[in-house]
Structure formats: structure tokens, C-alpha cells
Amino acid sequence: MLKYYVFDPAGNVTLLVDTYIRTKDQVRIAAELMKREPLCEQVGFARVCGHNGKPEGHLRMAGGEFCGNASLCTGVLKRVKEKNNGISHMYPDGIDVTVSGTKGRVNVRTAAAGEDLWTASGSMPWPRSMGEITVDGRRLPYVDHGGIVHVIFTERPDRKAVERQIRKVCGEYSLKALGFMFLSGNELEPLVYVRETGTLYWENACASGTAAVAAWLSENSETKTAEGELKEPGGTVSFFADSDKKYVTLGTKIRLVKGPVTVDDL
């Protein structure tokens, strides 16, 4: 039997499986679950537990990539499970989440904001590197989070053209996952491709992409800091980054859409 939850962080609908699934079976299981939940843009396999009185979270995305929003959802999953089990604040509201695609941890803090609604903030791993990459003969800035690389554009996309380009570039550089982040003022339009699962989405929000943009903005700022909000297709994500201290945090609201849902035919 398999159990899962569906969360909505700024429109980037995320399905978290709360049952142990072997890594070799995760791509198949994720594909089947996305057929059953067509609004979902990604699937992660999450566990939350306590160790020495402290909460811990573990998250592996189906394609082994890094995902900021699924990391934040893992923090909310802890709160949901406590609520469903009649437990109030068994552990502190913060939880450290180990995530696929990065050696760092995401510290997630949550607070109730309404019925089945939480605010969540998290300190994202600082990028492994930043530089320039060639896309269709153009040199563009990139931010490498390890489990996903984001390329930053500063113009509106030609959707069909960039959908072809993102697959090509991901293959050329043998990346696990690649994001094209189209930044226009304080608006961000994310396109994300995951090679292992073959999924390509114009996402409603992308936390790792927001973190990449924040880090890039701070790196290129006179103060070496950047702070603000990005309006993404499904909602708003706030950010603060300090390139001297190698620090970036994100915040957004997350709604529980459904769960727990049990499945016994996979």
C-alpha cells in the first residue's frame, strides 16, 4: 500500500509519497501518480521522523534532482502528520531536510496560516557555482545547485523554441535537470526539464529557480545582497540572498490539497 499527499506551493502542485519506495521503482511510480493527479507538476518521496528529540526530513525527487518547493512541502508534511495524529508541536516548527541533488540541508520553518494552509520559509543550499553557459549560440548566466542547473534569461520566451533548446542543452551537458528562468523585472516564468523522468513543465512556481535568481542578483549587486518578491504564474515567492555569507532564504504559502490518499494497485 502506498500513501501520498498533494500540496500547492504558489501553484507548483507537488505530490509527496509518504511510503518507502525503492529508488529503482520511483520513476515508474511517479509517472503513474502524475497520471492520476494531472495537476501535479512533480513527485517526491519524503519521510519525516524524529531523532534525538529533533525533527528530520528526507526527500528524494523522482529524477534525483533538487527541488526547493518539495523541500518546503516536506516541512509542511511534518505539520500535517502531527495534526492528523492529534499531536501539537511534538517537535519544534523547524525541520532539517536532506534533499536529493545536494549535499546541503534545507532548514524549513512553518506556521499555520489558516485551514490546511501554512506559511513556509527555508534556507536553500548556496549554489555550487555560477558562470555562463552557451544556449543557441548565446552566452547566458547559469546557477548550478548540483541537482539542477538554472539558466537565467532576461526576455520573454519563444515557448516552442526554448522547449527544444532546454532538452538539447540538458543532454549536451549531461545534467540531471535544467531550468530556464525567464526574468522580467519582478516577474519570473520558469521552464523546467528533468532528464530521468522526461518531464517538461512551464511551472507555476519554482523555488530552486527563485533561489538561483536571488543568488545571481546578490552576486551582481554592489551590496552583495538581494531582497524582494518574484511574481510567478501561480503565486508570489519572497527571497533574501547574501553572496558574501553564501546565504539564501525563500518564503511562500503552501496549501494542503489532499491527503493522505492511499493506493493499493501500484
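A contact here means heavy atoms within 4.5 Å.

**Figure 1. The whole fold, seen as a predicted model.** Counting contacts with a separation of 6 or more, 59% of those in the protein join residues 24 or more positions apart. The secondary structure comes to 4 helices and 16 strands. For a chain of 266 residues, a compact globule would have a radius of gyration near 18 Å, and the protein agrees because its own value is 18 Å. If you boxed up the C-alpha atoms along the principal axes, you'd need roughly 55 × 40 × 30 Å.

**Figure 2. Surface and charge of the protein.** About 12,100 Å² of the protein is exposed, and 46% of that comes from carbon and sulfur atoms. As for the inside, 54% of the 266 residues count as buried. There are 34 positive side chains and 33 negative ones, with the centres of the two sets sitting 4 Å apart.

**Figure 3. Close-up on S100, a loop residue.** Look for S100 between β5 (94–99) and β6 (105–114). Being in a loop doesn't leave this one out in the open: S100 has a relative accessible area of 12%, so it counts as buried, the cut-off being under 20%. A polar atom of the S100 side chain lies 2.6 Å from the backbone oxygen of E65. Setting aside residues up to four places away in sequence, S100 also touches a run of others, including L59, R60, M61, G64 and F66.

**Figure 4. Close-up on D144, in strand β9.** Strand β9 covers residues 138–144. D144 has a relative accessible area of 11% and is therefore classed as buried. Its side chain reaches over to the backbone nitrogen of G146, at 2.7 Å. Beyond its neighbours within four places in sequence, D144 is in contact with P127, R128, S129 and V149.

**Figure 5. Close-up on T119, in strand β7.** Here we're in the strand made of residues 117–124. T119 has a relative accessible area of 29%, so it is partly exposed; that label covers values between the 20% and 50% cut-offs. Which residues does T119 touch, not counting those up to four places away in sequence? They are R109, T110, A111, A113, T252 and K253. R255 is worth finding in this view too: it sits 136 residues from T119 along the chain, yet the C-alpha atoms of the two are separated by 8.7 Å.

Technical notes:
Residues numbered from 1 in each chain as written. Predicted model: local features only at pLDDT ≥ 70, side-chain atom pairs only at ≥ 80, totals over all residues. Heavy atoms only, no water. Helix = DSSP H or I, 4+ residues; strand = E, 2+ residues; numbered from the N terminus. Rg over C-alpha atoms; globule rule 2.2 N^0.38 Å. Buried < 20%, exposed > 50% of the residue type's maximum accessible area, 1.4 Å probe, protein only. Areas by Shrake-Rupley, 256 points an atom, 1.4 Å probe, with all protein chains shown as cover. Lys, Arg positive; Asp, Glu negative; His and termini not counted. Charge placed at Lys NZ, Arg CZ, Asp CG, Glu CD. Polar contact = N/O pair within 3.5 Å; in protein donor to acceptor, adjacent residues only side chain to side chain.
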